Structure formats: C-alpha cells, structure tokens
Amino acid sequence: MFRTRRLRKTAGIRRLVQETKLSVDDFVYPLFIEEGENVESEITSMPGIKRYSLDRISKELDEVVELNIPAVLLFGIPSKKDEEGTETWNDNGVMQQAIRFIKKNYPGLYVITDVCFCEYTSHGHCGVIHNNDVDNDATLVNLAKQTISHAKAGADMVAPSGMMDGTIDMMRQSLDNSGFANLPIMGYSVKYSSAFYGPFREAVDSAPSFGDRRTYQMDPANRDEGMREATFDDQEGADILMVKPAMSYLDIIRDLKNNFDRPIACYNVSGEYSMIKAAAEKGWIDGEKVMMESLLSMKRAGADIIITYFAKEAAKVLNR
Ligand code: PBG
Ligand code: ZN
C-alpha cells in the first residue's frame, strides 16, 4: 500500500520534506504617513496599524529594522487635496519628505513608494476626471511627474497602483530620460476591483466620492484578462509583477508564476488583515496560526514577495 503518512510521522521528517518556507525576507510592510505633526492615530478597522506623522514614526521604523524586514511600502496622506492631486509631484510633499527622512535615518531599509492619486484627489479617484470617468492619458502625464519626484527624493523602487493603461511604459521612459535607468518598477499588474480594500480606504481617506473603480480596476471574475494585463506590464518592462488582493486570488498568483520570468509579488490587503484580526479578537480562530497559514498559502501559490500588514507580527513568529 502507498503510505504517505510515513513521511509525516515526526517533526524531524516533516521538516525535511516541507516544500515551502516562509521567511522574513519575503515581506514588505506598508506604512501610512500623514502630513503634519504629532500624529499617531489608530485605524479602527485595522487593529495594530496606525497613521504616523514623520516626527512620530521612528519607533515604528526601529522595530521594522530590528525585525529584519527588508522593505517598506509608503502611502502618503496629504493635508490638502485637489481635483488632480497636484501634491503628488510636490518635491516637498508628504511622500517626498518621508522618503528623504527614511533614507537618511534608515539607509539600509528599502523604500518602495505607492504611485497613485486617490489619497490626493478631492474626488478620491486614481487620476484626472473627464466626463465623470478617469482620463487614462491625462493621468499618465501626471503620473510621470509624480514618479520623477519620488525618484529625486531617493525612492528605491516605485509601485504604480492606479491601473491606467500604458503606466509602465510611461514611467520607464520618464525614469530613463531623467537619469534613473536603474530604478526598478513594481507593477500592480493584476489588480481587481475588490471589496477587500474597504479598511484601507478608511485608513487613508481615499474612497471615491462618486461611482466606483470598475472602469479601471479588474473584474474579480476574470482570469484570462489577468494574463493580458501581466503581459502588457511585462512587455513594457515592469521589473516585478504584482497580484492584488492575495487570498482570494491565489490562482492568479500561480498563473503569473508559471507564465512570466519575473519575480511575483502579492498584496495581502487590508480587508484580508481585518477579517483575521476580527475573528481572532472574538476568539473564533487562532489568529497567529491563521495568519501564518494564509501567508504560507501565498508563498506556496508562487509569490516571491508578500506585501502585508502582518509583516511585523509574522517576523516575530519566524524569528523565535
Ligand atoms: C489605490 C490603492 C488601493 C490599495 C492601495 N492603493 C485600493 C483602492 O482603493 O482601490 C489597497 C490596499 C489595501 O486594501 O490594503 N491606488
Ligand atoms: Zn489609487
């Protein structure tokens, strides 16, 4: 008889045959940075995650470095918004200040920046509005300005999350023409229009004031289209391809892993974090075990990089 249980008998043999290993090296930790001073505010729907102003963020960064987490993903929350999100390319804006602060005080920490407009526009959409919808090509022009501003401030990597067509091509050309040929781009290549982003939109105040994002983000029903999106980003020269969200889209992560010769990232988004936190608080699940199992599932699906609000907690588990 085939007896697969022989190789499950003791901890020793289980260690030897374990196929997937999570590591702190896989993690990127998102940070919400608010313009101003003396800000350290809890995000109700994301227990353990806060918005910080730069004067209050050092202990958070100390902890990230101490836990040996390699990278952070920055989101800026500006004090003023307008129709186009012009603050995104202000060389003295909250994001640009944050980049300079972190690179100066934590030079070994890898800084990835979110390149988008939704936290910066009065209407909450990811670009310029014309005729009640986001104008793709007008947004690309502003995207180039924002990208160069992040690069000049010292970002290590830029990550456009707005799902405009031609984004990678526009960013790659602008970076190359401005002396940043070595700055990598992580494409939010396959990003779905998902209800799992709810807590994030509360966190950064970026919920659209009218309509939704279905004219630019993908329909959760579509898998072939995900391949098409990834193909465009790959051909335009994205260095890393991302799938977002992660937990409900493990099939898409595996598709990309099998079909593209690029590192694959996934974004374990806010709603995925909040669900586990809420159930754990109620005592309905073992929060730590479910956290580790869900992160492991992303790695097993094919993710080389996992962007997760659990990064600090999971690092503590892995380091012990
Ligand atoms: C938008 C953006 C979103 C997230 C990051 N950047 C989603 C959205 O509002 O459409 C979601 C992150 C999360 O839920 O953790 N550019
Ligand atoms: Zn956006």
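Is Tyr267 buried or exposed? In this predicted model, Tyr267 is buried, with a relative accessible area of 1%. That residue makes a convenient starting point for a walk through the aromatic contacts, and from there to the salt bridges, the zinc site and a patch on the surface.

The structure holds nine aromatic pairs. One of them joins Tyr267 to Tyr309. A pair of aromatic rings is described by the distance of the centres and the angle of the planes. For Tyr267 and Tyr309 the centres are 6.1 Å apart and the planes meet at 45°, which makes the pair tilted. Tyr267 belongs to strand β11 (residues 264-268), whereas Tyr309 sits in the loop between β12 and α11 (311-319), so the two rings tie together parts of the chain that are 42 residues apart in sequence. Tyr309 is buried as well, at 3% relative accessibility. Both tyrosines also belong to one aromatic cluster, whose other members are Phe32, Phe75, Tyr188, Phe200, Tyr273 and Phe310.

Charged side chains provide further links, and the structure holds 21 salt bridges. In one of them, the side chains of Asp26 and Lys299 meet with an N to O distance of 3.0 Å. Asp26 lies in the loop between α1 and β1 (27-34) and Lys299 in helix α10 (residues 287-301); the pair therefore ties together parts that are 273 residues apart in sequence. The two partners can be told apart by their accessibility: Asp26 is buried at 7%, while Lys299 is partly exposed at 22%.

Another salt bridge connects Asp304 with Lys257, where the closest N and O atoms are 3.1 Å apart. Here too, distant parts of the chain are linked, since the contact runs from the loop between α10 and β12 (305-308), which holds Asp304, to helix α8 (residues 250-259), which holds Lys257, with the two positions 47 residues apart in numbering. Asp304 is partly exposed, with a relative accessible area of 30%, and Lys257 is likewise partly exposed, at 32%.

A third example is the salt bridge between Glu40 and Lys59, with 3.0 Å between the closest N and O atoms. Glu40 is part of strand β2 (residues 40-42) and Lys59 is part of helix α2 (residues 58-66), so this pair ties together parts that are 19 residues apart in sequence. Glu40 counts as partly exposed, at 23% relative accessibility. The contact does not stand alone: salt bridges that share partners join Glu40, Lys50, Arg56 and Lys59 into one network.

Turning to the metal, the zinc ion (ligand 2) has three cysteines as its protein donors: the SG atoms of Cys116, Cys118 and Cys126, at 2.2 to 2.3 Å. Along the chain, the donors follow the spacing C-x1-C-x7-C. The site has four donor atoms in total, and the angles among them run from 95 to 125°, which makes the geometry tetrahedral. Among the cysteine donors, Cys118 is buried at 6% relative accessibility, and Cys126 is buried at 2%.

Finally, the surface carries a nonpolar patch formed by Leu7, Leu16 and Val17, which together have about 300 Å² of accessible area. Leu16 is found in helix α1 (residues 11-17). With a relative accessible area of 71%, Leu16 counts as exposed, because exposed residues are those over 50%.

Terms used:
Residues are numbered from 1 along each chain as its sequence is written. Chains are lettered from A and ligands numbered from 1 in the order in which they are written. This is a predicted model: local features need pLDDT of at least 70, side-chain atom pairs count only at pLDDT 80 or more; totals for chains, interfaces and linings use all residues. Side-chain values use heavy atoms; hydrogens and water are left out. Patches are made of residues with over 30% relative accessible area and no salt bridge: like charges are joined within 9 Å, nonpolar side chains (Val, Leu, Ile, Met, Phe, Trp, Tyr) within 5 Å. Accessible areas come from the Shrake-Rupley method with a 1.4 Å probe; for residues, only the protein chains shown count as cover. A salt bridge is a side-chain nitrogen of Lys or Arg within 4 Å of a carboxyl oxygen of Asp or Glu. Helices (H or I, at least four residues) and strands (E, at least two) are DSSP runs, numbered from the N terminus. Buried means under 20% relative accessible area, exposed over 50%, partly exposed in between (1.4 Å probe, protein chains only). Donors are N, O and S atoms within 2.8 Å of the metal (3.2 Å for Na, K and Ca); water is not among the atoms, so sites may look incomplete. Four donors count as tetrahedral if all angles lie between 85 and 135 degrees; four count as square planar and six as octahedral if opposite donors are over 155 degrees apart and all others between 65 and 115; anything else is irregular. Rings of Phe, Tyr and Trp (its six-membered ring) pair if their centres lie within 6.5 Å; planes under 30 degrees apart count as stacked, over 60 as edge-to-face and the rest as tilted.
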